[in-house]
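Dear colleague,

I am passing a structure on to you, and my notes on it follow below. Please read them alongside the sequence and the model.

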Amino acid sequence: MATLLKGLYGSIDDFLNLCTHSGDSAYSALRSLLERLEDPNTRTEARVFLSHLQKKLHSDGELSSHHCLDKYHFQIQDIYLDRSEGGIFRESNYALLLSGISISVYGLDINPRAVKISWINLYLNAFDENGQPVYDTENKTLLDRVEFYESDLLSYCRDNHIELERIVGCIPQILNPNPDAMSKLITENASEEFLHSLSNYCALQGFVEDQFGLGLIARAVEEGIEVIKPMGIMIFNMGGRPGQGVCKRLFERRGLSVNKLWQTKILQASDTDISALVEIEKNNPHRFEFFMGLVGDRPICARTAWAFGKAGGRISHALSVYSCQLRHPNEVKKIFAFLKNGFHDISNSLDLSFEDDSVADEKIPFLAYLAGVLKDSSRFPYEPPTGNKRFRDLIASFMKTYHHVPLSADNVAIFPSRATAIENSLRLFTPRLAIVDEHLTRNLPKQWLTSLEIEQTRDSKTSINGITVIEAPRQSDLMIELIKKLRPQVVVTGIAQFEAVTSSALEHLLRVTREIGSRLFIDISDQFELSSLPSSIGVLKYLARTPLPPHVAIICGLLKNQVYTDLEVAFVISEEHTIFDALTRSVELLQGNTALISQYYYGCLFHELLSFQLPDRRQPAEREAEDVEASGIDMIGFSSSAISVLSQAELSVRVPEKSSLLHMDVDQIFLPTPTPVKAAIFESFARQNVTESECDVTPSLRQFIKNAYNLSVEHSAEFIYADFPLALFNKLVLCCIEECGSLCMPAGSNGNYVSAAKFLNAHIVSIPTQAEVGFKLTEKQLSSALETVHKPWVYICGPTINPTGLLYSNEEMKSLLTVCARYGARVIIDTSFSGIEFNSQGWDGWNLDASLAGLTGNPSFSVCLLGGLFVKLPTGGLAYGFLVLKPGFLADSFRSSFSGLNKPHSTIRYTAKKLLELEEQKGDLTGAAQVQEKLLATRLKRLKETLENCGWEVIEARGGVSVIAKPCAYLGKKIKLEKDGSTWEIKLDGTNIREAMLSATGLCINGASWTGIPDYCRFTLALEDGDFDRALGCIVKFKQLVK
């Protein structure tokens, strides 16, 4: 025994004597022994030496006593695994023998000494006492299966992309009383006391669980989610000091199902200082759980336990072993992959624990989808007013798969809500009389429901003075009787539940409306189910075998989700192209668009339901159109104002499915979405139990307006919100119409707003503007126009003017407001396109408080402020509209015009509030805004240079996202265009250059009819980098084609 390790130790006694000096000495001796174990030439004798060492300690009676640890600073123990029938290790080994799959075990520890000792343990078990390897049934030793590495939690596995089937952890849960100690560099030669503290204490990890001492375990769980296989299991040995509920919630809110495998009580280690927990209790209502001794069954708090321990008492705490597994493994992994990529702070708001599995099944896949969108896309894409193409495809596929209705995306139009779809439909036709289901009238304008003008005049189908709506019961026989008696031009109705299963009620309605000449809108919202086993719907049964008649459309509001009961999107089905196109145009004109996030949410639900279905390889049955005789009665057509706008206004270009147009014609920002914006969007959906105050934008918006425009908003002022500012503008137009007022808009206003006002049949007074002042409205021009106007409503876009990008100075604005006060005008100040003033030298902003102070004149003078956050804040395309009505701006009788307004969902309001708070703090969001301003200034310079080189006369913008230019070199020139194999030649002028550029290059711009300025076109700047470069190329290409 004296010469077991030649050149290292003379005897075992020498080895033990060396270990008695200190823990560092014992570690040094064991490390030298490990070096011999690692060398194949000395491994056998080193292992035999360990056997003799173990026997020596056993014979001296010190093997399993604390005396060995106190004397020699190490201890060798035998650990016996439960290999009895039904024991967990026996089951594991049995499963391993059956599968024949090689396994690998990784032992990880941040303490480098712990890693070295673990290797010694491995050699102790991989070889027998004679130094011979111990083989398993696959002829492998533990050395082939087990490895140990120095690692901060699971960093070794993460760095080496190792996926694990099991993770077992025993991790410190008490914050170090000396926080500075945890910041020391961890090395093998660090002090023994410091390395020992790593097994007792942890540092703050930046998680909400830090307040319970569970921050390090929380980090381990999130790292485990990254490396665990989808069906893998994580097992954690946890002290119950924070309380069982807190321990379980740590796992559950991260999307794990939890099972408690075992629980006991153990004495609190005497060398662990629990004073950190006492400090937490001072500032937190939470109480930790300790017990007096091992037999106490009543918990005591940390402060009481600390005092009891100081007095010599023994305190204990629960010890539990938790097994946890991912509920939706792939989705949860995707969510946390997103969070680790710069969104760590959101993880404290994340809550994936749900009492109802159906809620989890709906919300977790959506969060994963949203995480993927925000991670993979630098910006929100352009979406046509028709709706997101993917969403419409999914609706059509759902109809085809579950209800056997052979629709395509070209039959499905998206609306913000059912109420919007109904109101837009009525405004499109403006019938003299409409009958509407009593369940569907709640959001219609009050004046429609109180009008008594129901008698028909000669050749009068459309209404001049307004629509009259008669409410009807939801019962087909009663509805049909009303239709026959009153002969309405439009009918909007649902189907009663007791009639909804078969198609007979629908067929009766189809027949009678066709005979009378009424257009029919059928609502199926109450019957439509987002389910893998949806109930039968008679309307869809009919549609499966028969095409939808041209006078009929189907409306469906999507409200039946498990998570957000007030998150709504609607779709309309029409197989008549002209009606379908007009309905989608109504969204563009009256609402602007449908909130994209809402379409994403329901799109995710449709996708999940479709993923359950195998594709049907059978050809769908041919539908047969009903053979009906023409009634000889003409159906009502579109209103005259609708026809005028649909035929003459510059609306969005309809994109063919496989084309890729470049859009310099939309008021949308396609610049990269800043990280704080993505974080706020995701957090708004990830959280649960958000309070109304956390979604209340008004206080932050009031301060935002004060900072931006020096306008103090009284607490008595009214704030109204919508998804887009355009929807709010249109409600103001309706108020103007109801007052019999005149909407005064300067030439050179936003073309979308002008078209919307025309669609609503407002009386519009166009105020001339002059090129010498950049087509800005002047005091003289405004005064001249208002002299002859009765009840004027004056629209002023500023400080940044859309489309010119010029700025109204404070003095200019004050002079305009003075004129308005003199004539008693109601003033709409539209700030929707303001906030990016990249060339503001000599411009000092606005002081509306000073401009409005002391203004006297006609008592009807009043001001409202219209705005949006998508320009002022770099929201990456996320829209949010607001309207501030000063006291007295609207008479109470006008307020019904705001009924049916589609208001932002609570998640969007939460996001807006977060962004406004970030902007107030002048943090990362302000920096992103400054970067955006510099980028747009550079873009303007490049665009101006390109346009001027190509023969355009540019009015240089000072802010906003657009610029206007006149094609001086092209007017009167000819260009040859090709389409569908045919060629034709046109002579260019201010009205056709937009169409010519689109046909020739695929670049969409706004023409003179949009800008309202003869011969001037508009170009927007806020495109994605690559698209902007290609757009400049298109401008150059057009010049070459004209030559």
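**What was found**

L294 is partly exposed, with a relative accessible area of 47% (partly exposed lies between buried, under 20%, and exposed, over 50%, with a 1.4 Å probe and protein chains only). This is a predicted model, in which local features need pLDDT of at least 70 and side-chain atom pairs count only at pLDDT 80 or more, while totals for chains, interfaces and linings use all residues. Residues are numbered from 1 along each chain as its sequence is written, and side-chain values use heavy atoms, with hydrogens and water left out.

L294 sits in the loop between β8 (291–292) and α13 (302–310), where helices (H or I, at least four residues) and strands (E, at least two) are DSSP runs numbered from the N terminus.

Turning to the interior, the largest nonpolar core has 179 residues, of which F528, F682 and I705 touch the most other members; such a core is a set of buried Ala, Val, Leu, Ile, Met, Phe, Trp, Tyr and Cys residues joined through side-chain atoms within 4.5 Å. A second, separate core of 67 residues includes A434, F521, I555 and A582.

A582 is also among the buried residues of α22, a helix that is mostly covered, since 11 of its 14 residues are buried. Helix α22 covers residues 577–590, and its end C-alpha atoms are 20 Å apart, which agrees with the 20 Å that its 14 residues should span at 1.5 Å a residue (the expected span is 1.5 Å times one less than the number of residues). Just after α22, G592 takes a positive phi of about 100°.

With kind regards
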